[in-house]
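Biologist: Please take a close look at the place where the chains meet, and explain how the copies are related and what each contributes to the contact.

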2 protein chains.
Amino acid sequence: MSKKKIKLKRAKAITPKGFRDYFDSDVTERQTLIEAICQIYELYGFDILESSAVETVEALGKFLPDVDRPNQGIFSWQDDENEWLALRYDLTAPLARVYSQYRNNLPLPYRRYSFGPVWRNEKPGPGRFRQFYQCDADTIGAHSSIADSEMCIMLASIFEKIGFSKDQYIVQLNNRKILSGILEEIKVMNSGNADQYNVSSEIVLRSIDKIDRLGHQGVRELLGPGRRDESGDFTEGALLSEDQIDHIMNFVCLGESSNNKTLKELKYLVGTSSIGLIGVEELESIAQHTEAAGFFEDRIKINPGTVRGLGYYTGAVFEAELKVEVTNLDGTVSEIGSVAGGGRYDDLIKRFTGQEVPATGLSLGIDRLGFALNQLSRDKENKRTGPVIVTIMDMDKIVEYQKIVTELRLSGIRAELFLGNPKDLGRQLKYADQRNSELVIIAGSKEFEEGNVQVKDLALGARISKKIKTNIEWKDQPAQSEVARENLIEHVKKFMQGK
Amino acid sequence: MSKKKIKLKRAKAITPKGFRDYFDSDVTERQTLIEAICQIYELYGFDILESSAVETVEALGKFLPDVDRPNQGIFSWQDDENEWLALRYDLTAPLARVYSQYRNNLPLPYRRYSFGPVWRNEKPGPGRFRQFYQCDADTIGAHSSIADSEMCIMLASIFEKIGFSKDQYIVQLNNRKILSGILEEIKVMNSGNADQYNVSSEIVLRSIDKIDRLGHQGVRELLGPGRRDESGDFTEGALLSEDQIDHIMNFVCLGESSNNKTLKELKYLVGTSSIGLIGVEELESIAQHTEAAGFFEDRIKINPGTVRGLGYYTGAVFEAELKVEVTNLDGTVSEIGSVAGGGRYDDLIKRFTGQEVPATGLSLGIDRLGFALNQLSRDKENKRTGPVIVTIMDMDKIVEYQKIVTELRLSGIRAELFLGNPKDLGRQLKYADQRNSELVIIAGSKEFEEGNVQVKDLALGARISKKIKTNIEWKDQPAQSEVARENLIEHVKKFMQGK
């Protein structure tokens with residue numbers, strides 16, 4: 001190679017800001033988690049769909065929770081033919097597109113699950129990445145509230161399958177129509193005046209959705225004159241009167257009661273609003289169906305404070321919370337909180353088809369869920385075991401070493417030949433340590449002559465390995481045993497089985 | 001909803017040009033294939049890595065095979081801070097970035113495998129998509145040709161694991177240094193004059209790489225004055241003399257002989273070129289190691305015609321071909337051909353680190369391989385079985401139906417309640433047919449009173465199901481049997497086990 005090439009400016013080796021790389025158990029743990037969730041989706045009769053990661057901007061629409069910046073939040077570009085393309089920001093918008101595109105050939109109802117990365121062009125923060133994983137299930141074409149209750153049941157089943165106990169999670173349940181009814185009742189909206197509906201109800205929704213972070217007083221400010229935060233930034237309010245705000249806050253705080261009592265109070269709060277009454281009836285029906293499936297209010301509970309941030313929900317909404325304390329990256333301890341949610345979105349597909357198509361679904365945030373699981377098992381030794389390492393003591397015997405590694409693999413034992421510079425046994429053992437290997441095979445020309453090999457148990461030997469620097473010292477170690485070459489594979493097999 | 005909304009222009013429901021969606025068995029078959037490949041990588045001691053799908057354009061570099069358009073071929077955009085980002089176009093460039101970024105904490109050699117989608121902004125064609133799957137394994141930090149031979153052995157092991165016989169595939173093996181030696185020998189390049197090396201040798205490489213498509217005469221034209229194709233387009237040639245072209249074509253056509261004979265001829269052809277002789281020695285060593293692992297030249301064969309299109313290879317190159325005939329989408333029959341390849345690329349990491357780091361790896365094209373497997377099994381009935389469908393005959397009994405579906409799921413049986421409009425049993429049975437379900441549960445109020453349910457075997461019943469239009473006709477069908485409600489789950493379980 002010419003020296004000219006070396007003068008080139010070196011490329012920077014960095015993961016783009018807000019992105020991350022996943023090594024080894026980061027990937028396998030996520031795979032295991034997704035597999036467990038998909039098994040539940042399969043059990044419930046859903047079929048897998050993997051839509052393209054890239055969509056036209058037109059197909060994606062503007063449904064990100066951050067409605068203040070509807071044009072931002074996604075990664076988009078123009079292709080050679082000036083078509084605006086973008087990375088999907090969730091799995092629901094692509095589903096609406098796929099269903100509309102293939103609806104003549106799909107079974108109805110169409111029940112599908114999907115998993116995969118989604119991308120958001122948002123400001124990254126600690127634990128907040130621009131590429132993250134979702135795992136969704138949706139039923140399209142089912143008006144029935146059984147479809148909504150099935151989503152709640154699946155959520156609960158998933159939590160129990162992946163190792164949470166009944167008291168570690170709760171699925172909170174609500175219905176958007178009830179909030180609409182209440183807004184109608186307090187004369188904030190008029191179902192005949194849709195513009196007013198869409199503006200005010202979204203401000204109200206977003207305000208209520210912030211209750212965990214801002215508390216009751218903060219939400220009251222947002223519903224009223226507006227709120228100035230610690231940094232001095234001012235958020236405009238919904239400009240409701242004190243009476244109106246009282247009525248809404250009564251609604252939001254009902255969640256402490258039993259399902260039956262809450263339903264009763266809701267009926268009172270929606271008053272004469274017909275949309276509100278329909279909402280209460282749907283909620284009642286969902287609760288009935290979840291109970292029929294054996295899930296009672298200790299796990300699936302009506303909570304009017306659960307509204308979900310997304311604008312497109314039209315009926316039932318639900319959100320799953322993990323009541324598990326975790327230590328965050330900054331050392332603080334908090335509850336994991338919301339890891340999944342969903343609801344009914346009867347209007348989303350209409351964007352494509354012009355016709356209202358009933359739809360309901362749920363979405364699980366895999367990264368947060370994985371973080372919770374990882375924290376729960378943090379005291380356990382769950383680092384993956386590395387391969388058996390066949391070390392090289394004598395390059396002339398390379399074919400012999402290779403035969404050993406081949407035989408191990410043929411017996412289904414994960415194994416590799418050390419492929420770095422083999423001069424130094426210490427370095428080879430250090431490598432085996434780094435790989436978390438349990439067994440190392442060592443043989444020099446003398447062993448080959450005698451028909452033997454040495455097998456070193458690294459779990460026992462790790463403590464002393466640092467001291468070994470030369471090829472002479474490696475014998476006579478306590479964690480090491482001599483085995484006849486012809487018995488080696490059986491010996492390793494037995495060791496693996498005996499663990 | 002207001003009528004104003006309906007006036008909005010409908011969004012177009014289309015997959016972006018060159019992208020596709022994967023339904024059901026498209027996804028599960030790919031998952032099964034990737035899992036099988038990853039099991040081999042694991043067995044050989046490789047650890048999984050999932051790098052970010054998005055990279056900085058700087059980190060990706062310009063290593064696409066289409067060197068005529070080095071700035072094109074990728075999907076790229078600027079983020080909020082004017083950083084140029086892009087979707088990865090393969091898994092090797094991200095690996096070079098990851099290794100350089102984390103090298104102080106990674107074991108050396110670093111042996112990793114990766115799989116996932118990659119994206120190319122290229123003109124789509126039949127069976128040629130802009131998002132496709134790769135599944136790679138690479139060893140970084142190993143000079144030894146054992147590392148190269150291991151790649152070839154893994155390729156062969158993978159083919160046999162996923163169901164190809166020894167005579168259905170071949171791994172072709174070559175070494176770039178030999179070609180350099182030959183170019184040196186015929187005075188086309190001078191290893192002291194790197195600019196000439198890089199230009200001419202890349203034209204020669206690309207010309208040879210087209211031999212399958214253009215034939216010997218076409219390659220001769222490209223090595224000489226240039227070539228005009230059927231459409232009239234002219235490709236400039238390497239402007240070599242007839243003697244030089246003869247020498248190169250002698251080299252390219254050596255693949256028909258035995259490995260030993262080929263190696264002998266290669267030694268003759270590289271003459272006094274030292275880089276050429278090193279190449280022959282490396283090739284010899286790789287062949288020796290693959291044989292030591294039990295893979296002989298019926299499966300891993302030296303073929304000087306195998307050069308690989310990518311510019312970054314510096315030593316061993318290999319390519320796996322499937323000698324399996326398939327029916328293409330346009331009805332023509334052809335051999336699948338190349339589905340995987342790789343080689344040694346000792347300079348790629350230097351872009352980041354400034355130091356040469358030895359590296360070798362392989363990449364499998366999952367989509368082509370999946371297509372081959374799918375074609376091989378096309379006569380088999382491999383459509384996935386759908387869930388047991390519990391139909392609804394009487395909405396008043398909805399809780400009873402739900403209990404059935406819950407019990408089935410608790411027994412591990414994939415099942416669902418029909419969630420569409422239940423008025424018409426024919427429609428429910430049609431839905432079950434579309435889902436490829438084998439069993440349907442049917443019960444009306446009379447059955448519930450008598451403590452029975454009907455179980456319909458759709459495999460038997462499919463032929464007559466179209467005739468059933470009303471809820472009255474569904475009884476007395478041959479493929480249908482009455483079962484006591486309390487024995488239902490056991491009955492279904494036995495049916496599933498008896499398949």
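Modeller: In this predicted model, chain B is superposed on chain A by a rotation of 180° with 0.0 Å of shift along its axis, at an RMSD of 0.1 Å (a least-squares fit on the C-alpha atoms of residues with pLDDT of at least 70 in both copies). That is the relation of a two-fold axis. Both copies use the same surface, since 100% of the contact residues of chain B recur in chain A; residues are in contact if their C-beta atoms, placed from the backbone, lie within 7 Å. Among the residues of chain B, B:Trp77 comes closest to the rotation axis, its C-alpha lying at 2.9 Å.

The contact draws 83 residues from chain B and 83 residues from chain A. On the side of chain B that touches chain A, the largest share, 5 residues, belongs to helix H14 (residues 398–410) of chain B; helices are DSSP runs of H or I with at least four residues, strands are E runs of at least two, and both are numbered from the N terminus. That side of chain B comprises 37 nonpolar, 23 polar and 23 charged residues (Ala, Val, Leu, Ile, Met, Phe, Trp, Tyr, Cys and Pro count as nonpolar, Asp, Glu, Lys and Arg as charged, and the others, Gly among them, as polar).

Strands also pair across the chains: strand E1 (residues 22–23) of chain A and strand E2 (residues 47–50) of chain B run antiparallel, joined by 2 bridges (pairing requires at least two DSSP bridges between the strands). A:Phe23 has B:Leu49 of E2(B) as its bridge partner.

Residues are numbered from 1 along each chain as its sequence is written, while chains are lettered from A and ligands numbered from 1 in the order in which they are written. As the model is predicted, local features need pLDDT of at least 70 and side-chain atom pairs count only at pLDDT 80 or more, whereas totals for chains, interfaces and linings use all residues.

Technical notes
Contact = placed C-beta atoms within 7 Å.
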